[in-house]
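Reader: I am new to this structure and would be grateful for a close look at one part of it. Please begin with a single contact and continue to its surroundings.

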Amino acid sequence: MKSVHALLSRYIRLGHTRRHERATLTRPHRRPRHQLYLEQLECRDMPSALSIADVAVREGPANLGILDPAGASALLNGPRGMVFDNAPGTAHYHDLFVTSYRTQSVLRFDWASQTYQPFVAPGSGGLADSFALAFGADGNLYVTALSQSWVLQFDGTTGGFLSTFVATGSGGLTNASGLAFGPDGDLYVSSCHNHDNETGQVLKFQGTSVGPNGEQPGQFLGVYCSTGIGTDPGELTFGPDGNLYVSCTNLGSGIPNSGFVNRYQGPAGISPGQFIDTFVPAGRGGAKNPRSPMFDSQGHLYVTDGILNEVLRYQGPNEANPGAFIDTYVTSGQEKGLGPALGEAIGPDANLYVSSRDSNEITRFAPSSQASFVVTLDSASANQVSVNYATANGSAVAGTDYTQTSGTLIFPAGVTSETINVPITTVPTGGPNKTFTMNLSGASGATINRSQGTGSILNRQTKFFVADSASSPGTFVFGPSTFEYGSGGTSEEITPEANGDTAPRGVATTAAGTTVWVVDASKNVYVYDNHGVLQGSWAATGLSPTATLTGIATNGTDIWLVDSYTAKVYKYAGAASRLSGSQSAASSFSLPTKGKGANAFLGVGRQLRVNRFPNDKIAHAHDLSPNGVESNKCQS
């Protein structure tokens, strides 16, 4: 509050004492003397002023940060599998358990303190290369050891070693990786992970209790299903339809980036273990190396992708189009530390947790973002201040794009900042940016200086591309890549270039953004879909032997390439539909002398805009006629 004290409060004119009064009677010609007194008045306060700030938020899931960074740095090394203890009444109900591959241990993320705690000690019971984990019906924790090819049992309360539940090599178990307890209570384990020349399998073992015919816990029951030679099966799960879903990296096939998720009949099916379909084939939604299949409460399927470093989401088996791609739930640009993204789990808070093996982190993502409006007082108040708030629609509509929010915000005495959170519910479809407002009214104990804040919901639609011919430090992207940027400069996807595309020099797309063309220094044009899946490539011919290609543009029908060495632009008629072979330029036009050294250009409407940096730092517009007449230019 602002205090103003009276420096001069009042004049008090007082006569002299009675002695002076009597003296005045005898001396009628003297005027009585007056005295000036100061008297301090009470404190008078000037009220503080409230203001609300604007906020911009990205649609879709929001990165809530890394779990316990200090604890992760000290204890976590090579996180892979993750599981929450979701059994009410257990000692660690709601805690997160994660394998630490390189320390040969299991950590517990304590839900109450939000810190990592040791659980299974390094090497306990001979544990090495801890990979996947799951809780059994007995409340104990079961962990696969990749190189030992066994499954170990640990006490679910103390983490102490109990037994070797599945012995090394039992049933032909080799490189034990993924595991899951089925709806029948038995244990299913992936075999032959990273064994390129062997047949991948899922083996079935008796569960935690004795079987109907006396089968002992951990006893081999048979090969449940085969995934094929070189498929390298990994993590697995049972879906809401009761069937088994197995992720396969397919590394042994010799076909790069060809991972998939297969579906097999569950134990209650007519033919348990029989192949049903490839539920997520390679390339669907950009999938290259799908890992850790998992279903949410709505039946959607989530997979991490160890190459894209993203989380992809698909329609589940009970939805309208089973296996159809929904969206990239978590993009590589949202969290640069995802490298590679392997494990995932949904917590009791409905947030998604994703493990990053090489950065030794687990990141938490909320299902949707929220707009946080900050309301401030320009100075502290000695008394409580309150103000009413309410959202109002703009182009964003309550119930569709955000949650209608209203109430009274309280500032306790001495506090100068409070926050109003508004959940964002818009589906990340890549539509236009939208706005709504938060309005303040009815302040008590303060005035309102700025009563309205604007909330901007930025879409995830790609706005522009950047081709990078080198590795990208801090992103776990090694080698040439194409970066897609959305509203606010957020990187939506980071796509490693295909084999052979080792020196990208320019990138182009259409307004629809469904296809991406990348020109390479080798004078080849590579064609990708909007998730970085290679569709084909072709050689650009008819160029000067000294041509140095540095830019590309398209109108969806034709392709233009810029040669910065000879300062020429070449047109390839109808080449936007080409996926193979070679094509000669149909025409070309020369840039002015200053055009030599041009390094990029962009198609805009019916014009080509050529950036001739570094020579003149001006973007020049050329029409699409064969001679490319320059129509205007602007400072760049």
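Which residue's side chain meets that of Arg 364 in a salt bridge, and what is the distance from N to O?

Author: The partner is Asp 349, and the two side chains meet at 3.9 Å, N to O. This contact joins distant parts of the chain, with Arg 364 in strand β28 and Asp 349 in the loop between β26 (341–346) and β27, 15 residues apart. A salt bridge here is a side-chain nitrogen of Lys or Arg within 4 Å of a carboxyl oxygen of Asp or Glu. Strands are DSSP runs (E, at least two residues), numbered from the N terminus.

The model is a predicted one, in which local features need pLDDT of at least 70 and side-chain atom pairs count only at pLDDT 80 or more, while totals for chains, interfaces and linings use all residues. Residues are numbered from 1 along each chain as its sequence is written, and side-chain values use heavy atoms, leaving out hydrogens and water.

The two partners differ in their surroundings: Arg 364 is buried because its relative accessible area is 16%, whereas Asp 349 counts as partly exposed because its relative accessibility is 29%. The cut-offs are under 20% relative accessible area for buried and over 50% for exposed, with partly exposed in between (1.4 Å probe, protein chains only).

The whole structure contains 14 salt bridges. One of them joins Asp 358 to Arg 102, with the closest N and O atoms 3.1 Å apart. Asp 358 belongs to the loop between β27 (352–356) and β28 (361–366), and Arg 102 to the loop between β7 and β8 (105–110), so this pair ties together parts that are 256 residues apart in sequence. With a relative accessible area of 30%, Asp 358 is partly exposed, and Arg 102 is likewise partly exposed, at 42%. In another salt bridge, the side chains of Arg 108 and Asp 110 meet at 2.9 Å, N to O. Both Arg 108 and Asp 110 are buried, and a network of salt bridges links them with Asp 95.

Strand β27 also takes part in aromatic contacts, as the following pairs show. A search of the whole structure yields 20 aromatic pairs. Phe 84 and Trp 111 form an edge-to-face pair, 6.1 Å from centre to centre with 75° between the planes. Phe 84 is in strand β6 and Trp 111 in the loop between β8 and β9 (115–120), so placed that the pair links distant parts of the chain, 27 residues apart. Phe 84 also pairs with Tyr 353: the ring centres are 5.3 Å apart and the planes lie at 65°, so this pair is edge-to-face. Since Phe 84 lies in β6 and Tyr 353 in β27, the pair ties together parts that are 269 residues apart in sequence. Rings of Phe, Tyr and Trp (its six-membered ring) count as a pair if their centres lie within 6.5 Å; planes under 30 degrees apart are stacked, over 60 edge-to-face, and the rest tilted. Phe 84, Trp 111 and Tyr 353 make up one aromatic cluster. Within this cluster, Phe 84 and Tyr 353 are both buried, while Trp 111 is partly exposed, with a relative accessible area of 23%.

The strand that holds Phe 84 deserves its own description. In β6 (residues 79–84), 6 of the 6 residues are buried, so the strand is largely enclosed by the rest of the structure. Strand β6 pairs in the antiparallel sense with β7 (residues 96–100) over 4 bridges; strands pair if DSSP finds at least two bridges between them. Val 83 has Phe 97 of β7 as its bridge partner. Arg 80 lies over the face of Tyr 101, 4.1 Å from the ring centre. For such a placement, NZ of Lys or CZ of Arg must be within 6 Å of the ring centre and within 35 degrees of the ring normal.

Finally, the largest nonpolar core has 23 residues, and those with the most contacts inside it include Leu 50, Phe 373 and Ile 420. The strands that each supply at least two residues of this core include β3, β29 (370–377) and β33 (434–444). Strand β29 provides the largest share, 4 residues. A nonpolar core is a set of buried Ala, Val, Leu, Ile, Met, Phe, Trp, Tyr and Cys residues joined through side-chain atoms within 4.5 Å.
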